Amino acid sequence: MTCTDVTTQTELDAALSGATGDTCIHIKSGAGVWLKLSASGSATVEAYDSATVRASGSATVHAHRQSKVTAGPHVAVHLHSAQATITGGVLIDVTQLDLTDAATWCDHYGVDVQDGRAVLFKATDSELVAGHSHRATSYTVGTDVVAEDWRDDRECGGGLHLSPRPHQAAWYQDADVKTRYLRCTVALEDLRPIDGGKAKARACRVEAEVDVFAAAIAVREWTAAGESASFVEDDTRHRRAAP
């Protein structure tokens with residue numbers, strides 16, 4: 001994910017104009033400096049510290065710390081701090097949720113849980129390997145993968161990292177790497193939430209290769225260039241709508 005800090009209306013407008021699906025805009029304007037947000041498009045807008053935001057249209061705002069948000073009737077406002085001040089909007093209060101609890105985290109971020117196992121996603125390179133900058137790990141379809149460095153906490157590192165959606169998993173993949181996506185399942189009791197984009201686990205089962213919309217695709221043989229060479233079988237189970 002690309003994060004951009006803004007403090008003025010000009011900076012906010014510029015950030016929104018160049019926003020893509022993995023853009024997160026952090027509004028950190030001084031107290032009393034109002035920034036207007038009519039729509040955030042594909043960007044996520046977060047208000048921090050003493051930032052003041054006036055939002056309208058179909059915008060979505062996440063209010064943190066002592067931020068102040070005045071919102072139109074169709075604006076979704078996610079409240080992350082009891083110190084934030086919200087006027088108007090459609091309030092989504094997450095301050096009382098224990099997002100360190102695996103079941104609560106899955107429910108909040110729309111993760112399917114089937115027979116006690118959470119359905120999560122992993123982004124890999126063309127050879128189904130991830131973690132090159134830390135601990136390279138192979139994710140072969142149909143196998144169980146176990147973290148050799150498992151650490152039972154809720155911090156990055158020390159486990160297998162997975163995400164609620166394929167596009168979120170791609171946030172943690174090198175931009176210049178040909179990306180493949182995998183649907184994996186994790187025992188709920190082994191899942192340790194880290195933040196909204198990822199959780200970690202001691203082990204996972206690699207169920208199938210999927211596309212960026214989480215729909216299962218054919219198992220493929222890949223050339224060195226990362227392009228599919230031939231189709232082996234078609235697996236269309238668990239086809240899902242776009243995230």
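In which strand is the place of R180? In this predicted model, the place of R180 is in strand β15, which covers residues 180-187.

**View 1. R180 in strand β15 and the polar contacts of its side chain.** The relative accessible area of R180 is 7%, and R180 is therefore classed as buried, a term that applies under 20%. From its position in β15, the side chain of R180 reaches the backbone oxygen of S126 at 2.6 Å. The side chain of R180 also makes a polar contact with a second partner, the side chain of E209, at 2.9 Å.

**View 2. D49 in the loop between β4 and β5.** This loop runs between strand β4 (44-47) and strand β5 (52-55), and D49 is found within it. Most residues other than glycine have a negative phi. The phi of D49, by contrast, is positive, with a value near 50 degrees, and D49 is not a glycine. With a relative accessible area of 35%, D49 counts as partly exposed, because this value falls between the 20% limit for buried residues and the 50% limit for exposed ones.

**View 3. R65 in the loop between β6 and β7.** R65 lies in the loop that links β6 (60-63) to β7 (68-79), and its phi is positive at about 50 degrees although R65 is not a glycine. What is the relative accessible area of R65? The computed value is 43%, so R65 is described as partly exposed.

Note on methods. Residues are numbered from 1 along each chain as its sequence is written. This is a predicted model: local features need pLDDT of at least 70, side-chain atom pairs count only at pLDDT 80 or more; totals for chains, interfaces and linings use all residues. Side-chain values use heavy atoms; hydrogens and water are left out. Helices (H or I, at least four residues) and strands (E, at least two) are DSSP runs, numbered from the N terminus. Buried means under 20% relative accessible area, exposed over 50%, partly exposed in between (1.4 Å probe, protein chains only). A polar contact is a pair of N or O atoms within 3.5 Å; within protein, one must be able to donate a hydrogen and the other to accept it, and residues adjacent in sequence count only if both atoms are side-chain atoms.
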